[in-house]
Amino acid sequence: MSKRWTVFDPGSKNIVDVDGFNDEYNTQKGALNGGVDRNNLPGEYITRAQIKQGAFHKTHLFTGLLLSDESIKLNNGGNLQPDGLDYSLYNGGWRRAFDPVQVSGLRDGMNHIEFNCWQWQYRFTSGFSLEPGGVLATQENHDHWVKWRILYNGMIVLETGAMYTQYDNVTLSADFPMMGGDASIEVQFAFAPPAYNDGDPVDVVDSPMFTFAGGQILLLSRFR
Amino acid sequence: MSRIVNDNPTAGTAVTSADLNQKFSDITTVTSGGVDHENVRAEAIDTTNLDAPTTSGHISGDTIILSTAHSHENGSRPAYGSVPGSGLTSYSATTGPGPSPQYLAHGTGSELNQAFSIDDGEMLRVHWQVWVDHIVRLGGADMGTVHPAGSHTIGYASARHPCWLVWLQWETSPGVWEEVPGQGDFTNSIGGENGDNVSETAATMVIPHGTVMYASRFNIIYTDDAAWVDEKNHMFRRSYNYINNTGSTITILGLRLVVDGLYHLKSLVGSTTNYMVHENIGWETTGGGSADNIIKLGTVHIASMVMRKN
């Protein structure tokens, strides 16, 4: 607490002693040389111009994210089909949506992370049929879904439930404490695995099943 | 740097009042306009010291959050109607060789007509939501009608997967609306089948034109005898972020949403790039019932914020 910088006042009749003056003077200098605190500063005093870049927070934005993983993506030959995840290449499980993004120079504090995109899934491909002799629809062979999760330095900080709509918009956000240093942010998705009926595949294996685009990751790191 | 480093009077030397006054003048000199981080203790500044007034309406003056604004509609669900601004607003699928987006002029929530600026190194964050009242729901009995193959599998050959697009524009000069950065220009793209590459869809919201219901409880595809049934109360959300790295200030007069349809997702043969293709072919136009390629929108909200990047 720096505002009590006065040690004493010389009496009006006293002979001023230099040591006493220096005590007083040193205390005053000490208060100003690194001792100013919130009691010395007026309220609503510090404006934007006085705040150094990165003093309170740091923002990273990654944009233009879309499904580009050729190891699971079909390059189709159909006139009406998009390119997307292909059951002949994908059999379920969590997959990277894109290469993890890297950030550095973080300090202790809290992270706010947002991921958004739009997605499409081929919800209706299962081989069920209401025709005589056809495969009956079941939840297993019909319901396709997409799940998302976000990993921060390998730790899951957000995981969604299943999303069923064939076109949908993904808007996810999470807040969590962080340590200082560097960070890797990975977004993963899981798509419903191909369905089988008595051992026979009922899903079309060579059709695009899922894709996404318009993705952005916003990392807002608030320092302690 | 305002550290006070002048010497003290030395014991045993003759000191005048002028000498002492000079010592205080030295302090005045270095602290007049020169107090900085060298003077302030660690963790000395509290929120009360920050000039962070509550702002709205894109009024500048904050320290981190520079300005905020939002548009919204009060009240409950509007009554049915087709007049913009009163009740639901219907938009018909556009036809012709190319896209023709329509200004989403529903009520007071679909345009944020407040000017703001984004300096270099500042960030714009926008969130919006659209309430959709009408999504076509196809029952199992209709699927065979709609899709002549009768396989009860909605494939690409007989029907696309149609959707509506709602995307964000900003007003760069009076009456001039442009897509925000990272968002493709569907309006001026090539007419006919080829729309913009979906890699430029940072501010695109997709809304399915229809959906198929499955009643797992009965282990059957939903079999409503009606050709289609309106699905109610779908709320779609989307967000968009942009950091100005242009080196100069961007002045924006407002934000708004436009809507257009129908689109469907497509990749050209041999290409690995997906496109949103404008084509007025909905599921229900291929058979059964009357054509109903419309979308009905209710309340629309837009919220925006400009903040320091760092």
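Here are three short exercises with worked solutions on side-chain contacts in this predicted model.

**Exercise 1.** Classify the ring pairs that Phe212(A) makes with Phe98(A) and with Trp148(A).

Solution. Start with Phe98(A) and Phe212(A): the centres are 6.3 Å apart and the planes sit at 55°, so call this pair tilted. Phe98(A) is in the loop between strand 2 and strand 3 of chain A and Phe212(A) is in strand 11, so the contact ties together parts 114 residues apart in sequence. Both Phe98(A) and Phe212(A) are buried.

Next, take Trp148(A) and Phe212(A). With centres 5.2 Å apart and planes at 85°, the pair is edge-to-face, since angles over 60 degrees count that way. Trp148(A) belongs to strand 5 of chain A, so here the parts tied together are 64 residues apart. Trp148(A) is buried, just like Phe212(A).

**Exercise 2.** Work out what the salt bridge between Asp37(A) and Arg41(B) joins, and how buried each partner is.

Solution. First, the distance: N to O is 3.2 Å. Then the location: each residue lies in the loop between helix 1 and strand 1 of its own chain, so the pair joins two chains. Finally, accessibility: Asp37(A) comes out at 7%, which is buried, while Arg41(B) has 37% and is partly exposed.

**Exercise 3.** Do the accessibility check for Glu114(A) and Arg125(B), which form a salt bridge.

Solution. The closest N and O atoms are 2.9 Å apart. This bridge also crosses between chains, running from strand 4 of chain A to strand 6 of chain B. Glu114(A) has a relative accessible area of 6%, so file it as buried. Arg125(B), at 11%, is buried too.

How values were computed
Residues numbered from 1 in each chain as written. Chains lettered and ligands numbered in written order. Predicted model: local features only at pLDDT ≥ 70, side-chain atom pairs only at ≥ 80, totals over all residues. Heavy atoms only, no water. Phe/Tyr/Trp six-rings, centres within 6.5 Å; stacked < 30°, edge-to-face > 60°. Helix = DSSP H or I, 4+ residues; strand = E, 2+ residues; numbered from the N terminus. Buried < 20%, exposed > 50% of the residue type's maximum accessible area, 1.4 Å probe, protein only. Salt bridge = Lys/Arg side-chain N within 4 Å of Asp/Glu carboxyl O.
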